[in-house]
Amino acid sequence: MQANWNNSYAALPAQMFTRQAPVPVAAPKALMLNAEHAEELGITFGEDWPLFMAGNQIPQGADPIAQAYAGHQFGHWNPQLGDGRAVLLGEVIGPQGRFDIQLKGAGRTAWSRNGDGRAWYGPVLREYLISEAMHALGIPTTRALAAVATGETILREQGPLPGAVICRTASSHIRVGTFQYFAARDDTQALEALLQQAIERHYQKAQTVEQFLSAAVATQARLVAQWMGLGFIHGVMNTDNSHVGGITIDYGPCAFMDEFVPMKTFSSIDRQGRYAYGNQPNLAAWNMAQLATALLPLTEDREASIARFTEIVQGFGDIFDREYAAVFARKIGLTPSKETGVLVDGLLRMMANIGADYTLCFRALATGESHAHLGAHPDFADWHARWQAAGPTQGALAQVNPAIIPRNHLMEAMISEAVAGDMQLFHVLHEALKAPFSHCDTPRFNAPPDPQEVVTQTFCGT
Ligand code: AMP
Ligand code: MG
């Protein structure tokens, strides 16, 4: 494995991570390599790539560490989390800039608490497909570079399961919880170094703490608006899973909705619906308030900064509303305006009333088949007439409303087959999800689940 390694995080103050090699696995075996992404990263792999992507061999130039972070989990403060099952091999600089190369499921670290540091096929293959699908859908996200089977058996609630490691890449792994970790310890040296690193990697124009916070708030608002447009539910928007660079990170119990339920929740551990579809903007704003709090030790005039930061965080709502209006205006082929907003609300209300399939319903606007999905609704004829009168640009609709998304029941089927040793469905789905806006010839990939296939719960990625 060859790459241009340049490990800036490992050069930060020592309390920000532990030096940590991945724990070798019993029998690394290739599951998937993302050759196109490797090229974007300037990485050259040889035949022996599974050894590197399993953590059994350390690439020359890497400097493996496990990062420190804390976080609010479901609103409860946890002062110490950290990479308990992930190791950052290092950073590479390639044609598209600097990227973190991280192995997830890489074995126990200093941050593992009671966990085994491992992962099984399910969360690894799920993250692989969903993160790559998100990328193809145009959503800022971590990427998947490789998946390797470990030849080890992992014990989970469901019983013994085959182990795997995913290599994910990211513009950084700096979370709101990373700032919180050092703020909680009054460690301004680390906080300052972290801020500089985050600015360098995400917001090079920011010259002050305030400008950094404003940029983080704006990109987060934009990201969540994009999630909403796709019916995506992250599922575990804890501050440790909230990225300061506004990218989607940590695909645990995430899910795309089939039928539209505005307060839909899938995650088995989200009993109160804290991270329900419709709550995502509020919770993202809450996370930004935690970021603001963690940045306060870096300001000179604390009182003035509290006032200013409060304003910035309160600005999340306006930015989100603007982004949301833009996303949904595009989804119905119009430009944002008050009238467009009324049409969007009307459409979503009809969809919610009859539990229409979120993805198919929007796609049908592009294909002229809306009647098949919403025709039964008493308001549909009127809505459709008003929409047509507003003059939508029908041609653009197929470029924003995907034909296929990684539906939960397909992910479940893919995982069951993979565990049984058959990777065929994984590969076919992967190919199809690379072109989510193209018509897909496999009816099974377009269709909502049959009643007996419906997935009602998703689980954290352990
Ligand atoms: P997450 O579910 O990815 O948000 O992880 C929350 C925290 O639990 C992080 O500190 C993880 O590193 C840790 N964690 C999750 N699964 C494991 C595992 N199997 N072994 C050790 N630590 C884990
Ligand atoms: Mg996490």
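## A guided tour from Glu132 to the cores

Begin by selecting Glu132, which counts as buried because its relative accessibility is 11%, below the 20% limit for that class. The model on screen is a predicted one. Glu132 sits in helix H3, which covers residues 121-136. Display its surroundings: leaving aside residues up to four places away in sequence, Glu132 is in contact with Asn34, Glu127, Arg143 and Ala144.

**The start of the chain**

Next, select Gln2, in the segment that precedes strand E1 (17-19). Is Gln2 buried or exposed? Gln2 is exposed, its relative accessible area being 58%. With residues up to four places away in sequence left out, Gln2 touches Gly42, Ile43 and Thr44. Add Lys434 to the selection: Gln2 and Lys434 are 432 residues apart along the chain, and 26 Å separates their C-alpha atoms.

**The whole chain**

Now zoom out and switch to a cartoon view. The chain contains 17 helices and 12 strands. Its C-alpha trace spans about 65 × 60 × 40 Å along the principal axes. The radius of gyration is 22 Å, which agrees with the value near 23 Å for a compact globule of 462 residues. Of the 462 residues in the chain, 59% are buried. Among contacts with a separation of 6 or more, 73% join residues 24 or more positions apart.

**Two assigned domains**

Colour residues 9-170 and 334-397 separately; the domain assignment gives these as domain 1 and domain 2. Over C-alpha atoms, the centres of domain 1 and domain 2 are 41 Å apart.

**The largest nonpolar core**

Select Phe179, Phe212, Leu291, Leu295 and Met351. The largest nonpolar core has 128 residues, and these five touch the most other members. Helix H6 (residues 209-230) supplies the largest share of this core, with 13 residues. Where does the core lie with respect to the two domains? The core lies between them, because domain 1 (9-170) and domain 2 (334-397) both contribute residues. In soluble globular proteins, nonpolar side chains tend to be buried together.

Centre the view on Leu295. Residues up to four places away in sequence aside, Leu295 touches Phe179, Leu195, Val209, Phe212, Leu213 and Phe309. A second core, separate from that one, holds 24 residues, including Leu41, Val87, Ala106 and Val148.

**The magnesium ion**

Select ligand 2, the magnesium ion. Which protein atoms act as its donors? They are OD1 of Asn241 and OD of Asp250, at 2.0 to 2.2 Å from the ion. Asn241 and Asp250 are both buried.

**The cysteines**

Finally, show the cysteine sulfur atoms. How many disulfides does the structure hold? It holds zero disulfides. Select Cys167 and Cys254: the sulfur of Cys254 is the closest cysteine sulfur to that of Cys167, but the two are 18 Å apart and therefore too far for a bond, a disulfide here requiring sulfur atoms within 2.5 Å. Cys167 counts as buried, at 0% relative accessibility. Then select Cys361, whose closest cysteine sulfur belongs to Cys440 at 19 Å, which is likewise too far for a bond. Cys361 also counts as buried, at 4% relative accessibility.

Methods:
Residues numbered from 1 in each chain as written. Chains lettered and ligands numbered in written order. Predicted model: local features only at pLDDT ≥ 70, side-chain atom pairs only at ≥ 80, totals over all residues. Heavy atoms only, no water. Buried < 20%, exposed > 50% of the residue type's maximum accessible area, 1.4 Å probe, protein only. Core = buried A, V, L, I, M, F, W, Y, C linked by side-chain atoms within 4.5 Å. Helix = DSSP H or I, 4+ residues; strand = E, 2+ residues; numbered from the N terminus. Domains from an automatic or database assignment. Contact = heavy atoms within 4.5 Å. Donors = N, O, S within 2.8 Å, 3.2 Å for Na, K, Ca; no water. Rg over C-alpha atoms; globule rule 2.2 N^0.38 Å.
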